[in-house]
2 protein chains.
Amino acid sequence: MVGPTDAPPSGRRRRNPQATREEILAAARTVLASDGPDGLSLSRVAHLAGVNRGTAYQHFETRDDLIQATVDWVSEHLLQRIFGDNDEGDGQPHNRPIFEAISILVDFAVENPELGRIWLFSVMSSDNPGENAFFRRFAQSTRDLAESEHSEEGIDAEALSVVMLAGYFLWPLWVRANSRTTREREAMTRRMRREMLRLMMHGVVRAESFPHLQQLLDDSAPQKSR
Amino acid sequence: MVGPTDAPPSGRRRRNPQATREEILAAARTVLASDGPDGLSLSRVAHLAGVNRGTAYQHFETRDDLIQATVDWVSEHLLQRIFGDNDEGDGQPHNRPIFEAISILVDFAVENPELGRIWLFSVMSSDNPGENAFFRRFAQSTRDLAESEHSEEGIDAEALSVVMLAGYFLWPLWVRANSRTTREREAMTRRMRREMLRLMMHGVVRAESFPHLQQLLDDSAPQKSR
């Protein structure tokens, strides 16, 4: 029996269906990034990916399928970047991972405001947001930290995860509206990284467990005007 | 000269144009609350408000005008509820206002998930979010607190305001997806109030300046499992 991955090439060049699917998804991300969901149509995406509409329809029946696949791509991308090779789970405080996770999330969100917004809304509006792979892993790592000796008492890990993720993914809309130059945008990205680290150090973990991060925070502190 | 507020009654009963405008806006909120922006049309809103389409068009030329007016209504409503009679500005720590402001925001957001979401997105996507009256006042009160002796060092009031407001207005989507009964919904509302207070007490202000709130937090703390 010949399955879909064994289909003969239909265009001029031989295509690997998995590679074609990825090209279509990459084109969808490009369209979403520039024009948001309103600008997304299968034919526009097919054209950009250099495949014919029929081929695009073989991979994604509807616009919604394409959006859902993009949401899954964002989840998988962040999951790999943040938790990929960092699953030690030994209950020890990791200086690097906390700051790295914050930086990866802030940078991804600022570089991809539309993808982040689509991810956030799609996941939050779904029947079961807790089933999203990235949300689940993020909330679990918050819960692990909250239940460790390195954190403060009485944290609601789920509520905190929603607040944090909402902040990460909405700050870029604010950045886009309030920065005109690359330099301004970079400054606002650094501010968000710092404020998330500050909130984490003071509102979540015990700062004394992470002296290195506390030092980083102290060194970059803006002066308080009194 | 006869101005718009002196216009003769056009329907069976004498209408005050300002009252008519408010009836149309109330109908728009009802439609938005049940079906979101996609379900909003001027004719549906006019029908629900009991006015004819022509009258509705006199007040709001387009659907976008109606959405903008709803965003302004949310801003004004929250501004009044939270800051209305609480503008002391004496730099003293107020126990009641912090907890009240948190409760008002969480309750409003959970009771009006669609209105909150529309407000958040509309404001964050606008060319100048800082011009929105409620956002501006909220950020200013965060800044006042951050610059007072009752808060921790190095807070980025603007970034913090965005994170907090994003959390307040997105938590309800999570609540809606994860609660089946009124009791479950109420429990999730209480959790959010508590987590926002906790984050405020530990991540923003100096807890020792607010002993009464710290007590409230300690009393309601869930047990940490170790």
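Good morning. A crossing of two helices is called left-handed if the near helix is turned anticlockwise from the far one by less than a right angle, and right-handed if it is turned clockwise. With that term in place, I turn to the structure before you, which is a predicted model.

I begin within chain B. Here the crossing of α6(B) and α8(B) is left-handed. Helix α6 spans residues 113-125 of chain B, helix α8 spans residues 157-178 of chain B, and the two pack at an angle of about 145 degrees with their axes 9 Å apart. On the α6(B) side, the residues in contact are Pro113(B), Glu114(B), Gly116(B), Arg117(B), Trp119(B), Leu120(B) and Met124(B). On the α8(B) side, they include Phe169(B), Leu170(B), Pro172(B) and Arg176(B). Sorted by class, this contact comprises 11 nonpolar, one polar and three charged residues.

Next, chain A. Helix α8 of this chain, residues 157-178, has an axis that comes within 10 Å of that of α9(A), and the two cross at roughly 155 degrees. The helices α8(A) and α9(A) are therefore roughly antiparallel to each other. Their crossing is right-handed. From α8(A), the contact draws on Met164(A), Gly167(A), Tyr168(A), Trp171(A), Trp174(A), Val175(A) and Asn178(A). From α9(A), the participants include Glu184(A), Arg185(A), Met188(A) and Leu199(A). By class, there are nine nonpolar, two polar and three charged residues in the contact of α8(A) with α9(A).

We now pass from one chain to the other. Helix α9 of chain A, residues 182-203, also meets α8(B): the axes come within 9 Å and cross at roughly 70 degrees. That angle makes α9(A) roughly perpendicular to α8(B). This crossing, too, is right-handed. The α9(A) residues involved are Met188(A), Arg191(A), Met192(A), Glu195(A), Met196(A), Arg198(A) and Leu199(A), while α8(B) contributes Glu158(B), Ala159(B), Leu160(B) and Val163(B). The class count for α9(A) with α8(B) is seven nonpolar, no polar and four charged residues.

How, then, are the two chains related? Chain A is superposed on chain B by a rotation of 180 degrees with 0.0 Å of shift along its axis, at an RMSD of 0.0 Å. That is the relation of a two-fold axis. Which C-alpha of chain A is nearest the axis? It is that of Gly203(A), at 1.8 Å. Both copies use the same surface, since 100% of the contact residues of chain A recur in chain B.

Finally, a word on annotation. An unreviewed UniProt entry lists residues 41-60 of chain A as "DNA-binding region". In the model, that span is 75% helix and 0% strand, and its end C-alpha atoms lie 11 Å apart. Thank you for your attention.

Terms used. Residues numbered from 1 in each chain as written. Chains lettered and ligands numbered in written order. Predicted model: local features only at pLDDT ≥ 70, side-chain atom pairs only at ≥ 80, totals over all residues. Heavy atoms only, no water. Axes fitted to C-alpha atoms, helices over the stretch in contact; angles between N-to-C directions. Helix = DSSP H or I, 4+ residues; strand = E, 2+ residues; numbered from the N terminus. Contact = heavy atoms within 4.5 Å. Nonpolar A, V, L, I, M, F, W, Y, C, P; charged D, E, K, R; others polar. Least-squares fit on C-alpha atoms with pLDDT ≥ 70 in both. UniProt positions renumbered as here; feature names shortened; annotations may be inferred. Parallel < 35°, antiparallel > 145°, perpendicular 65-115°, else oblique.
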